[in-house]
Amino acid sequence: MPKRTHKWKKLPSSVSLAHRAFVLMLRELRDVSDRTQAQISQDVYLAPTSLSNHLNGGRIPEAEHVEKLYKILRDEAAMNARAMPCSLPSLLELRSEALVKHCDCCPVGSPGSAAAAPDPQPTGSVSPAPKHVRPRPRRPRVRIPARQRSMSRASAQAEVPVPLLEGDRHLTTPAGAAWPEISMLAESLSTGRSRDADVMMWSAATTLSARDVQIFVAQCRAAGLGKAADQVITNAARRDAQAVLSIASALHTSEQYADVGLLLAASAQGEQA
């Protein structure tokens with residue numbers, strides 16, 4: 001079956017040769033699939049905008065995301081009888097080379113590589129080029145009701161008959177890899193900005209899709225923000241019945257059974273109130 005070709009943007013001239021080679025190989029891998037980038041990014045646990053940024057010469061993705069993307073596309077290529085343009089080790093090698101800062105005139109391929117090489121010092125009257133800062137969109141202010149319901153996870157599990165496996169397994173995606181909001185939430189909680197934290201948790205619970213709520217909760221737990229994860233689930237329980245069932249299904253698919261129990265019990269309590 002012939003594969004669908006995509007029209008790619010021209011890479012910026014500031015992208016180094018090693019980074020350019022890595023991006024071009026990523027694009028060849030992307031062309032193996034006929035699915036949309038939104039569908040692919042969901043399987044890789046990346047935001048669609050993050051995957052688009054990687055494919056257009058932006059931030060270099062983490063190694064675990066590269067491996068996940070490669071395996072997903074490899075399985076899809078096998079189903080469609082298509083050949084992969086490279087092997088996983090060669091792709092990871094291209095990524096490693098893209099992260100190397102060879103000299104002062106080479107751009108840094110990723111924010112993470114800044115720690116590996118010192119910043120170039122200006123000589124004479126030559127000033128360093130200003131860093132390009134991508135503006136972050138402002139989040140709408142959300143009014144949060146004064147009354148907040150709290151419920152312990154233990155009581156939620158006791159009231160709702162949800163089967164539990166040995167250990168409630170969650171995603172191990174590092175906080176901030178795909179959801180920078182997790183790092184922002186942790187910073188707000190650690191610095192005592194509870195109002196900002198409440199706004200972020202309420203917005204995530206009431207505006208994200210069922211799958212994104214599941215990922216947000218899992219990454220909160222992976223970052224040690226257990227109480228924040230509980231609060232997001234409690235807020236999500238206030239959504240309509242169909243949304244609650246969709247979120248419960250996403251949590252159950254990811255084997256987050258205790259979170260399913262907390263969500264359903266909070267929803268039932270809200271209906272009785």
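1. In this predicted model, one helix pair can be described residue by residue. Phe216, Val217, Cys220 and Arg221 of α9 are in contact with Gly226, Ala229, Asp230, Val232 and Ile233 of α10. Sorted by class, the residues of this α9–α10 contact are six nonpolar, one polar and two charged. The polar one is Gly226, since Gly is counted in that class. The charged ones are Arg221 in α9 and Asp230 in α10.

2. The geometry of the pair is as follows. Helix α9 covers residues 210-222 and helix α10 covers residues 226-236. The two pack at an angle of about 160°, and their axes lie 7 Å apart. Because angles over 145 degrees count as roughly antiparallel, α9 is roughly antiparallel to α10. The crossing of α9 past α10 is left-handed.

3. On the chain as a whole, the secondary structure consists of 12 helices and zero strands. Read from the N terminus, the order of elements is α-α-α-α-α-α-α-α-α-α-α-α. Helices α9 and α10 belong to this series.

4. On contacts along the sequence, the count takes those with a separation of 6 or more. Of these, 72% are between residues 24 or more positions apart.

5. On burial and surface, the chain has 273 residues, and 39% of them count as buried. The accessible surface of the chain is about 15,700 Å². Carbon and sulfur atoms contribute 56% of that surface.

How values were computed
Residues numbered from 1 in each chain as written. Predicted model: local features only at pLDDT ≥ 70, side-chain atom pairs only at ≥ 80, totals over all residues. Heavy atoms only, no water. Axes fitted to C-alpha atoms, helices over the stretch in contact; angles between N-to-C directions. Helix = DSSP H or I, 4+ residues; strand = E, 2+ residues; numbered from the N terminus. Parallel < 35°, antiparallel > 145°, perpendicular 65-115°, else oblique. Left-handed = near helix turned anticlockwise from the far one by under 90°. Contact = heavy atoms within 4.5 Å. Buried < 20%, exposed > 50% of the residue type's maximum accessible area, 1.4 Å probe, protein only. Areas by Shrake-Rupley, 256 points an atom, 1.4 Å probe, with all protein chains shown as cover.
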